[in-house]
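Colleague: I'm new to reading structures, and I'd love a close look at one part of this one. Could you walk me through it slowly?

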Amino acid sequence: MYIKIDMATCDGCKICYNVCPQDVFTWNEETKKPKVSYEEECWFCGICWMDCPERGINITYPVSIS
Amino acid sequence: MTDDLTEIADKVIETDVLMIGGGVGGCCAVAKAKENGLDVTLIEKAHIDRSGSAGQGIDHYEGFFTRDGTTTLENVSNEDWRLGRYGVRYPNLNVKYRLYKCQFWVFEQLEKLGVPMRWDDGEPYWIPFPFVGWERRKTGLRVHWTNIKPILGRAVRRSGARILNRTMAIDLLTTDGKVVGATAVNIRTGEFIVIKAKATLIATGKLMRLYNPETPMPWKYKFRYHFCPASSAGDGYALVYRAGGDLVNMDINAWTFRIRDDLTCSYGSFSLNDGVPMKTYTWDGEEIINPNATRYKQLEDEGKTPIYFGFDHFSEDSHKRLEVAFADERMLSFKVAEERGFNPKTHRYELQDLSPTGFYRVSGIYIDENFRVLRGNEPIEGLYAFGDGSAGGTSGVAGAATGGLLLAEDLPEILKDMDEPEIDISQVEEHKQIALAPLAVEEGVEPLELESAIRDICERYVGMFKSEGKLREGLRRLGSLKDWLGKLSAESPHHITGYLECRNLLDLAEVHIKACIERKETRGNYFRSDYPEIDKDMDGKFFSQRIENGKEIIELREPIPLKPEYLKDAEEEKAELQTADAAS
Ligand SMILES: Cc1cc2nc3c(=O)[nH]c(=O)nc-3n(C[C@H](O)[C@H](O)[C@H](O)COP(=O)(O)OP(=O)(O)OC[C@H]3O[C@@H](n4cnc5c(N)ncnc54)[C@H](O)[C@@H]3O)c2cc1C
Ligand code: SF4
Ligand code: SF4
């Protein structure tokens, strides 16, 4: 998992789900929280990470580009 | 007619202006067209608040301000610009002229939309130009634009335009050669939408995804492009091509260094940042001139690679300024650098290889200076394009914003005499069937797998150093890949995006390879191993490609020269500048 949501910190504001340019997130209606569903399409723009008002998203990089 | 349409479509919209793509260019056009009293509908594949290549931030506005700018109208009119060794840079110089001519007006317009054009001291921050003798002239602006997209998004919402986010254009609708709107699909709900429009505007970004990303990624992570992948699938190019419009210079794509670590983020600002250029080094520390493809190959043979970019010669103050540029353009770079223990004060950036990338600036949709899409020498009624996807200098934030604003100013006059559009229902049915087909395919292939195969063909059989045999084999293999399109499955509407992008990429890869087969010469960074010399007959000429009556047409064209009245303007400006230079 390279895009990680800390569910304890997330307050379900939907911003990441709304703005992600690659539509990586889906919305879980039961938990009222986002779900990382299409991670392989992420372009690591960092938008979800920088726009999350709760600082609840962490991004790390796949292993071979370190 | 409308009754039938509503039976096929989940939603039918009638509008004056359909804007496809809500990036920088699209948002500017929409806000201005609404201000001018038009009914405007915007469809955006992602979400206008962070979509497009400016989504994560921008650090400079390369506005090419004339008179005070380094680029004068004289330069625009200068033959060298278009007959250079790289092929034809500007297929239509008049487009460039119009952009240059109105930069101070654009400055005001962007400020009106809420975009901060000034630096911390309330004054525009002119980027210092690194060459002696040009200090007096102004090039572009350094800007704090981390939030340019949310700001433009707000301006669009305030304008009252109809906004359809997560809505991807499928194809254009045409009647008697005119464009009368487009079909689209909501990529979250699968809703099929028909938009009937008097004018259809395209600003869907560049084409990059025929080649691998600049930051190579492992395994299935394939999208670390410098530009946003959603706006780099060349959707607009494919829409225009299938509707009979011309694409130009599809053989002359750009090339770049692939950067080993994902620290390319502020790449563009490296040299612009503070007017202090970066330096290039061999692995053992020898300072070299930034190599072109031939020189890079020599360096490889000499055992001098990897080569590096370095900033370690920067002053402390310049390093601070560089950090601000990183924050303006791509905040995540700090985090990545920190986690890797990478510090530009002491570390250098490894350049992996010199490789082909995207189709922009010189290549893309063929337009005239009124942003009308051309079919041969004639504009297609009802169809306009600007921004990164249009050939001839409308790219970058400045090109996209200016194109959108100028066109929106012209639209009320253009629409005055336009007839109500008539829709051909059979086209709508066909588009629907194409777009929703993968939803019914069970246990098929993922779009990303097909996309990787398309890229592999371009990398392997076109690439940097081309030859007839490789190109023909690539074309043959591409043909057999087409069957796979029907085997793609979409588990949810989300995957329709990737499927439609593959459809577009397949068409565009074919256009690309066919243009390369035709250009039998070596020029600039276009290399044909089997034709190593410049073909003089190709000087100042470029290829255009379109479909006419189901047939592919490829033509050799000459650039459209600057209009006499524009040329006169340029001469007057040159005289004024010379007088000012003499006085100072
Ligand atoms: C990291 C980075 C830094 C950059 N820095 C600078 C800079 O400092 N200065 C500068 O001048 N330029 C910079 N650029 C380039 C600049 O961002 C682009 O030139 C500019 O955004 C182009 O605007 P546009 O409207 O043509 O395209 P985009 O802003 O890319 O917008 C295209 C839009 O179309 C949408 N779209 C695509 N296909 C479809 C479809 N089928 N249906 C519906 N919508 C669709 C996309 O989602 C996107 O929102 C930078 C780019 C990147 C990635
Ligand atoms: S980094 Fe960008 S593409 Fe990746 S999940 Fe976040 S917003 Fe989406
Ligand atoms: S932006 Fe942050 S707080 Fe809001 S839904 Fe996403 S993770 Fe949760």
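Which residues come nearest to ligand 3? Please start there and then carry on to whatever else helps me find my way.

Modeller: Happy to! Please keep in mind that this is a predicted model. Ligand 3 has 13 residues around it, and the ones that come nearest are Cys10(A), Cys13(A), Lys14(A), Cys16(A) and Cys52(A). Find those names in chain A and you have your starting point. If you sort the whole shell around ligand 3 by class, you get nine nonpolar, one polar and three charged residues. Cysteine counts as nonpolar in this sorting, which is worth knowing when you look at the names above.

Now try ligand 2 for comparison. The residues around ligand 2 include Cys20(A), Cys42(A), Cys45(A) and Cys48(A). Phe25(A), Trp43(A) and Phe44(A) are also among the residues around ligand 2. By class, this shell has eleven nonpolar residues, one polar residue and no charged residues, whereas the shell around ligand 3 includes three charged ones.

Next, see how chain A meets its partner. The contact takes 29 residues from chain A and 40 residues from chain B. Together the two chains bury about 3,100 Å², and 59% of that area is on carbon and sulfur atoms. On the chain B side, look for Arg50(B), Tyr221(B) and His494(B): these supply 21% of the area that chain B buries against chain A, more than any other three residues. There is charge pairing here too, with three salt bridges found across the interface of chain B and chain A. A nice salt bridge to look up joins the side chains of Arg166(B) and Asp23(A), at 3.9 Å from N to O.

Let's finish inside chain B. Helix 8 of chain B covers residues 235-242, and seven of its eight residues are buried, so the helix is largely enclosed by the rest of the structure. The buried ones are Asp235(B), Gly236(B), Tyr237(B), Ala238(B), Leu239(B), Val240(B) and Tyr241(B). Just after this helix, Gly244(B) takes a positive phi of about 95 degrees.

Chain B also has an open sheet of three strands, with antiparallel pairing and the order 3-5-4. Its edge strands are strand 3 (58-61) and strand 4 (125-126), each of which pairs on one side only. Strand 4 pairs with strand 5 (residues 141-145) over two bridges. To see a bridge for yourself, find Tyr125(B) and look across to Arg142(B), its bridge partner in strand 5.

Definitions and conventions. Residues numbered from 1 in each chain as written. Chains lettered and ligands numbered in written order. Predicted model: local features only at pLDDT ≥ 70, side-chain atom pairs only at ≥ 80, totals over all residues. Heavy atoms only, no water. Near = heavy atom within 4 Å. Pairing = 2+ DSSP bridges. Helix = DSSP H or I, 4+ residues; strand = E, 2+ residues; numbered from the N terminus. Buried < 20%, exposed > 50% of the residue type's maximum accessible area, 1.4 Å probe, protein only. Contact = heavy atoms within 4.5 Å. Buried area = accessible area lost by both parts, 1.4 Å probe. Salt bridge = Lys/Arg side-chain N within 4 Å of Asp/Glu carboxyl O.
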